[in-house]
Amino acid sequence: MSQFMTRENLQKWAPLLVLIALILFFSAANPNFLSVRNFARITMAATPALMISLGITFIIIMGSIDLSMEGAVAVCAVVFATLFLSLGGVLNSWAWVALPAALVVGSIFGLINGLVHVRLKIPSFMASLSMGFVGIGLSLLMTGGDRIRVEDPIFRSLLTERVLNFPLMVYFAGLALLVAWFIQSRTRIGRNFYAVGGGEELAHASGLNVNRVRVIGFMIAGVFYALGALFAVARIGIAETATGYNLMFISITSVVVGGTALWGGIGGVWNTLVGVLIVNVIANGMIVIGLPRYVQDGVLGVLVILAVYLSTDRKSLAFVK
Amino acid sequence: MFELQKVDKVFPGVHALKAVDFEIKRGEIVGLVGENGAGKSTLMKIIYGAYQHDGGQVLVDGKAVRFRSPRQAMDMGVGMVFQEQSLIPNLTVMENIFLGFEKQFVNFGVIDWKAMAEAARHQLNKVKLDISPSTTTSQLSFAQRQLIELAKVLTLEERVQGDLVILLDEPTSVLAKEEIELLFELVRDLRSRASFIFVSHRLDEVTDLSDRIYVMKDGEVVDVVNADDANIDSIQREMVGRNINKEYYREEQQSPFDTSKVLLELDSVNLDSRYRDISLKLHAGEVLCLVGTEGSGREAILRTIYGLQRPDCGRVAINGHSMTRFSARKGVEVGVAYVPRERKIEGIVAGMSVFENMTLSQMGNYAKAGVLDIGKERALAREWIGKLSIKASSENADCGNLSGGNQQKVVLAKWRSGGSDIILLDHPTRGLDIGAKEDVYVMVREMSEAGIGIILVADTLEEAIGLSHTIAVIKDGEIQKRYDCQPGSKPSLYDLIQYMI
């Protein structure tokens, strides 16, 4: 028995156990929590955050950090909505071009982000934080602070159309998750993320172009941010600067709570899925049992500290900066 | 006044010090010499409190003491001037001198900078250094920083009762000739204040400066000579006198290399400050050993060949093609493999599995349009696990959990399976136990048999002599002497060491 209780196994499965414990706890507190309808609500709320979290997962595995998601989401959402409306505003016309265009904008945003980080040798947190502000400013410039309504019923069917009680967007998100998993486990770039995060010096000495890996990482993250933006617009039917609001905290919290290590090399997209679910189950569960919103934020903050504390092997760290 | 009696130190698997007797009198300068791994640094660490002895006694003025930390040793008057400079570059000179001892200048939590500057000036006078105590340390030359290290240790004079013992660990290795002269003069002047233990690879300097010299070998003091009757030749002989076991290094498996096929050629390659005018050829199947002391330029040459460091001038040709771009990527591409000294840092990615580590440098061969063929990767890993008898539960095992020898094998498998035909081995046996070392020797012979050219920086001289076809002795960045090492007519340790130091 004891060989299953190793630190490694515990770290690996702890997030899932926490998720199960939370579900049991909230179900016991209020039986309404454990219903298909409520689960559909949780997954639907989690969909945009899951996309953002998948993007940042790759960055964190590389040992970098990206804080630009709120700006990136705002730009992608606004560009999408503007283009969508100007091309007709319904999906069964040329307006569909706005969908891939949003993904391209996301990847360009990530490309600039990565280049600023790598070429100008600016630490990733600073480069991406600044780029995030640039994105916020850019989206404000484009909208003039207005909200853009996207009311095309076909596009909104992502939310309104349900299959087996879950809205369509949940299935698309599942597909994106599988793509992320494929990138992580089956592609060269995915393996490179782990190599750079696990030993940058060694990756370099093995002939990897580390800078290129980093830039591509930021681009892939940008595409997932764009997906997140599309789902966010589909969910509320509005594109605006505030579309990305609060996603930075939620997504980084989710990745970390899911067990991906902040110093890189460890973790993956399944950890992120579990992390996103934990965060959303807490948010939903607290509403169900009737606690105010500010308590949720506090609880999430404490949860992050706990997760990082539990996942760090402190013996190997002399100093923490 | 300071004495070690029958001091023993045991590490797991290594008896690092065996009943060492050591004594230093007031105002004396004592030299300490020995090969790498002879036990010098362990002995020093016990003296300045970084290690504790397992047996025997450390006596200060006849009283037995035990230093639990360098701080305690300092309180008893023992200070260390470090070889790697231990000053913090962004602090000022005075802050460095009194780092950790600022309390004497603090009133109600506020530092009295004037008093500290005054005290620092007093220390700088002792080492005859005329600079402002508020200079930022990074602006100073190496020689000046060395003197500040010394000044820092000399603050012990005011702090402790009794006599000082100051250890100088290779203080001359980064200094120019005139600077060395100045340092020696200063040390001689300071004898009235302290006794010195002087550790150096350069025997001429040791005999010049010291009163007595301790010669160490294999964890023992083999001789103590007075500097007046010291003979550099005889000291060298004592440092290396050991029997070599031919079978241990698989000498009988050494076969001649292919002189017609030149894999690598260096032609008058220079890198300012690291090495000068290096010319050499590496043939298929040849084991070429670069021999020299630490800092002689061996590592820099390896890094240049691998592409990590661009030389200032000269030609590097690999398989007949002159290299114009220097990058690790290019090095890998043309078939150069580098097995670095620190496996944990540069050899394997801990956390990645055996098969992931093996294909790290050659993922292009296992991917189509960026998508990996993991089945093929696993098959490769299984093949090499069998070939090199790597002890891993499977190809999925985390490389970080393998033993040092097996990590080494994974690194070698990574390069060999990728088709590298020039392999640079930097201390491949460092930190391995005897059995694992022998495995590495067998692998070197096999690779040589397979027509791979190997450049080796060996852990010991015996290893270099035993394994190599050719030896180039390097001192101060220049090749001093080349030896042909056919089995039966190999050079002796003494032949090599006289050109090394």
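I took two residues to be in contact if their C-beta atoms, placed from the backbone, lie within 7 Å.

**Conventions.** I worked on a predicted model, where local features need pLDDT of at least 70, side-chain atom pairs count only at pLDDT 80 or more, and totals for chains, interfaces and linings use all residues. Residues are numbered from 1 along each chain as its sequence is written, while chains are lettered from A and ligands numbered from 1 in the order in which they are written.

**Cys76(A).** I listed the contacts of Cys76(A), leaving aside its neighbours within four places in sequence. The partners are Ala102(A), Val105(A), Gly106(A), Tyr225(A), Ala226(A) and Ala229(A).

**Core.** I then examined the largest nonpolar core (buried Ala, Val, Leu, Ile, Met, Phe, Trp, Tyr and Cys residues joined through C-beta atoms within 7 Å; buried means 20 or more other C-beta atoms within 10 Å of a residue's own). Among its 238 residues, Cys76(A) and Phe80(A) touch the most other members. Helix H10 (residues 210-236) of chain A supplies the largest share, 18 residues; helices are DSSP runs (H or I, at least four residues) and strands likewise (E, at least two), numbered from the N terminus. This core lies between domain 1 (2-240) and domain 2 (258-335 + 421-500) of chain B, because both give residues to it.

**Domains.** I noted that the domain bounds come from an automatic or database domain assignment. The centres of domain 1 and domain 2 of chain B, taken over C-alpha atoms, are 34 Å apart.

**Chain contact.** I found 22 residues from chain B and 18 residues from chain A in the contact. On the side of chain B that touches chain A, H11(B) gives the most, with four residues.

Methods. Buried ≥ 20, exposed ≤ 12 C-beta atoms within 10 Å, placed from the backbone.
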